[in-house]
Amino acid sequence: MSATLWNAAIERVLGRIQDTARRVREGYPHWANTDTGEWVTTPDGDWTGGYWLGMLWLAQHATGDARYLGWAEPLLERLRSRIEGETVFKAFPFYYGASLGSILARHATARELALDCARSLAKLYDPTLRLIPLGRQAEEGSHVGTGETSIDSLLAAPFLFWAANETGDRTLHEVGSSHADRVIALHLRADGSFIQSSSLDPRSGEVVKHYTHKGVSDTSTWGRAQAWGILFSAMSYIMGPGE
């Protein structure tokens, strides 16, 4: 792809970011009405808020424009209350919303929050299951039991690898490695497709069943789960050996 096309694509994304920032004056954008462009927001970012912050970090890095930093910083501070959340899915807001701020902008508060969350996340590791389960506060965890896991949760591994490489904390790396190995082994089919979800016996760690929360059937492949499986597997492979 030519530089002209790349630059045009970047400018289109920057335009969308600026438009969203004009429309959303309070909270995190969550989803928008495709007819009106009106955003539904959340006060704490839900599971998508980190993506918005991540876009702001990327925009600031690409342009050097201080506006993006100004939009990111107040929302970054709001993540602090979620550090001790009992869910593996907190890797989403903190990797994209905080780790990227450290990586791209060398933002001290972003680094602090991300590392505090990574340490808290590692404490949720279950040695019997050999992974970090969805957790009591997960969107799809509290009502289905303590032995639930999913391919969605794989982002926890590269998040922990990043934190381990930042701090030299071997425990973070070991938890990330075990989580990645187990989640991939549970959900990757022989044909390269990914199962979304699994139930494990909390006492033995054995598989009870595979299923899907969002796909057509328990044997189907949900598109977003497939994308996450590919992306987070690649990130784990690239980031994991660094420790």
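H6 crosses H7 in a left-handed sense, and in this predicted model the two helices come out roughly antiparallel, because their axes make an angle of about 160°. From there, the briefing moves to the H1/H3 pair, the nonpolar core and a handful of single residues.

**H6 against H7**

- Helix H6 covers residues 156-167 and helix H7 covers residues 170-187, with 8 Å between their axes.
- On the H6 side, the residues that meet H7 are Ala-156, Ala-157, Leu-160, Phe-161, Ala-163, Ala-164 and Thr-167.
- H7 answers with Leu-172, His-173, Val-175, Gly-176, Ser-177, His-179 and Ala-180.
- Sorted by class, this contact has nine nonpolar and five polar residues, and no charged ones.

**H1 against H3**

- Here the axes are 12 Å apart and the packing angle is about 45°, so H1 and H3 count as oblique to each other.
- H1 passes H3 in a left-handed crossing.
- Leu-14, Ile-17, Gln-18 and Ala-21 are the H1 residues in this contact, and they meet Arg-67, Tyr-68 and Trp-71 of H3.
- By class, that makes five nonpolar residues, one polar and one charged.

**The largest nonpolar core**

- This core has 61 residues, and those touching the most other members are Phe-94, Tyr-95, Leu-121, Leu-155, Phe-159, Leu-160 and Phe-232.
- Helices H1 (3-23), H2, H3 (66-78), H4 (91-105), H5 (108-122), H6, H7 and H8 (223-239) each give two or more residues to the core.
- Leu-160 turns up twice: it is on the list of core residues with the most contacts to other members, and it is also one of the H6 residues that meet H7.
- Leu-121 touches Phe-159 and Leu-160, which are also on that list of core residues.
- Other contacts of Leu-121, leaving aside neighbours within four places in sequence, are Thr-87, Val-88, Lys-90, Ala-91, Ile-132 and Ala-156.

**Gly-50, inside H2**

- Gly-50 sits in helix H2, which spans residues 49-63.
- Its relative accessibility is 0%, so Gly-50 counts as buried.
- Not counting residues up to four places away in sequence, Gly-50 touches Phe-92, Pro-93, Tyr-96 and Gly-97, and those four positions fall in the 91-105 range of H4.
- Gly-50 and Leu-160 are 110 residues apart in sequence, with 16 Å between their C-alpha atoms.

**Loop residues to look at**

- Lys-123 is in the loop between H5 and strand S3 (148-150).
- With 71% relative accessibility, Lys-123 counts as exposed.
- From Lys-123 to Ala-138 is 15 residues in sequence and 16 Å in space, C-alpha to C-alpha.
- Arg-130 is also placed in the loop between H5 and S3, but at 43% relative accessibility it counts as partly exposed.
- The phi of Arg-130 is near 65°, a positive value in a residue other than glycine.
- Asp-46 has a positive phi as well, near 50°, and it isn't a glycine either.
- You'll find Asp-46 in the loop between strand S2 (39-42) and H2, and its relative accessible area of 33% makes it partly exposed.

Key
Residues are numbered from 1 along each chain as its sequence is written. This is a predicted model: local features need pLDDT of at least 70, side-chain atom pairs count only at pLDDT 80 or more; totals for chains, interfaces and linings use all residues. Side-chain values use heavy atoms; hydrogens and water are left out. Buried means under 20% relative accessible area, exposed over 50%, partly exposed in between (1.4 Å probe, protein chains only). Contact means heavy atoms within 4.5 Å. Axes are lines fitted to C-alpha atoms, for helices over the stretch in contact, and angles run from 0 to 180 degrees between N-to-C directions. Angles under 35 degrees count as roughly parallel, over 145 as roughly antiparallel, 65 to 115 as roughly perpendicular and the rest as oblique. A crossing is left-handed if the near helix is turned anticlockwise from the far one by less than a right angle, and right-handed if clockwise. Ala, Val, Leu, Ile, Met, Phe, Trp, Tyr, Cys and Pro count as nonpolar, Asp, Glu, Lys and Arg as charged, and the others, Gly among them, as polar. A nonpolar core is a set of buried Ala, Val, Leu, Ile, Met, Phe, Trp, Tyr and Cys residues joined through side-chain atoms within 4.5 Å.
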